[in-house]
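Got the viewer open and a selection box ready? Here's a walk through the model, one stop at a time.

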Amino acid sequence: MASLHNPVELQRRPAAVFKPVREKRAFEEVADRVREMLENGELQVGDRLPPERELSKQLGVSRAALREALRTLENGGLLELRPGKLGGAFVADARPLAISENMSDLLRQGGISLAHLTEARAWIEEVVVRVACERAEEADFAALEENVRLAEKLFSEGQMMEKLHINIEFHNVLAAASKNPVLVMMTQTLGNVMRSFARRLGAETTRSVVRSRTRFIELLRARNADAAVKEMHEHLRSIQKVYMQFARAQGIYQLAVPAAPSLVAKSILEVNEGEARSTTAPAAKTPAKKLAAPRKRVA
């Protein structure tokens, strides 16, 4: 038996073998360079990157590596690739859809359940409501009331899925009243993920949401944050209950079992792949920015 006092006798495991560290691939270096230029202000929203041939020459990389980098940045929401003669690679405005697509992937893999989503929405919504109670202006109240009016109109016309989208948009309008772009982005992201659930399960068909929204706006106008938060939380819990009932009606019983989110996600998620992006936006007139070639690493 090996002795603790005699290291020579100790039984040893084979020494770990470390593989050489591989330098970043060219497209990763290019993507990092664009991110750096965004951070230091050399590139700004709306800027158009140089044409592919010129850009690959500036960076000293192949056009294939450049294309892969541009696709990576587009998937991350940093760039928008527009086709056509007036197209090209443009620095995109904050695109919550990119984040929600990643969250939708988590739904597919079982990383998020409807309970997780509702809980997160309730937490973030409370912050949004409290800030909006302080900062909302008359234009914000009018926008919220117009949203409710449109939802009621769609309900009376029997356009339930259209009403669903307007109901989700209500949260985005409310977030805008906070005057905080980060809260707006987070709200839009969670709303987009919620659409993934609702698209599969269907829309609720009662006037309860309209009634709740009417009460909520009155509380918001009165700057009664505590009561407004309570009204919003009750609404979110009610909506979760409705969708769980829809799921059971479709035989998706796992929805209520948080221990099996992967089963839940696979059953109820229908991700809208490749949301249509506008191709009619005019090309930016700002001068093209020159990108420096990736730094060479010193051995």
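Helices (H or I, at least four residues) and strands (E, at least two) are DSSP runs, numbered from the N terminus, so labels such as H2 or S2 follow chain order. Keep in mind throughout that this is a predicted model.

**Stop 1: the whole chain**

Start with a cartoon view, coloured by secondary structure. You should be able to pick out eleven helices and two strands. Reading from the N terminus, the order is α-α-α-β-β-α-α-α-α-α-α-α-α. The chain has 299 residues, and 41% of them are buried. If you like contact maps, take those contacts between residues at least 6 apart in sequence: 73% of them join residues at least 24 apart.

**Stop 2: the largest pocket**

Now select helix H2 (52-59), helix H3 (63-75) and strand S2 (88-91), each of which puts at least two residues into the lining of the largest pocket. That pocket has a volume of about 230 Å³. Its lining counts 13 residues, and Glu52, Leu70, Leu81, Gly88 and Ala89 are the ones closest to the centre. The top contributor is H3, with three residues.

While you're here, show Arg82 and Phe90 as sticks. The charged end of Arg82 sits over the ring of Phe90, 3.9 Å from the ring's centre.

**Stop 3: the largest nonpolar core**

Next, show side chains for Val129, Leu174, Phe216 and Leu220. Within the largest nonpolar core, which has 43 residues, these four touch the most other members. The core draws at least two residues from each of helix H5 (114-135), helix H6 (138-156), helix H7 (160-176), helix H8 (181-201), helix H9 (208-221) and helix H10 (225-249). Apart from this core there is another, made of 18 residues, including Leu49, Val61, Leu66 and Val91.

Centre on Leu220 and switch on its contacts. Ignoring neighbours within four places in sequence, Leu220 touches Val129, Ala132, Cys133, Phe141, Leu144 and Leu174.

**Stop 4: an aromatic pair**

How many aromatic pairs does the count come to? Just one. Select Phe170 and Phe216: the rings are edge-to-face, 6.0 Å centre to centre, with 70° between the planes. Phe170 belongs to helix H7 and Phe216 to helix H9, so this pair links parts of the chain that are 46 residues apart. Colour by accessibility and both rings' residues come up buried: Phe170 has a relative accessible area of 0%, and Phe216 is at 2%.

**Stop 5: the largest cavity**

Run a cavity display if your viewer has one. Over the whole structure, three cavities of 30 Å³ or more turn up. The largest has a volume of about 130 Å³. Of its 14 lining residues, select Leu164, Asn167, Ile168, His235 and Ile239, which lie nearest the centre. H7, H9 and H10 are the elements that give two or more residues to this lining, and H7 gives the most, with five.

**Stop 6: a lysine in H7**

Stay on helix H7 and pick Lys163. Is Lys163 buried or exposed? Relative accessibility is 2% and the cut-off for buried is under 20%, so Lys163 counts as buried. To see what surrounds Lys163, leave out neighbours within four places in sequence and show its contacts: Ala151, Leu154, Phe155, Glu204 and Thr206.

Notes
Residues are numbered from 1 along each chain as its sequence is written. This is a predicted model: local features need pLDDT of at least 70, side-chain atom pairs count only at pLDDT 80 or more; totals for chains, interfaces and linings use all residues. Side-chain values use heavy atoms; hydrogens and water are left out. A nonpolar core is a set of buried Ala, Val, Leu, Ile, Met, Phe, Trp, Tyr and Cys residues joined through side-chain atoms within 4.5 Å. Buried means under 20% relative accessible area, exposed over 50%, partly exposed in between (1.4 Å probe, protein chains only). Contact means heavy atoms within 4.5 Å. Rings of Phe, Tyr and Trp (its six-membered ring) pair if their centres lie within 6.5 Å; planes under 30 degrees apart count as stacked, over 60 as edge-to-face and the rest as tilted. A charge sits over a ring if NZ of Lys or CZ of Arg is within 6 Å of the ring centre and within 35 degrees of the ring normal. On a 1 Å grid over the protein atoms alone, a cavity is a set of points where a 1.4 Å probe fits but cannot get out, and a pocket is an open set with protein on both sides within 12 Å along at least five of seven lines; lining residues have an atom within 4 Å of a point. Grid points are joined across faces, edges and corners, and a volume is the space filled by probe spheres set on the points.
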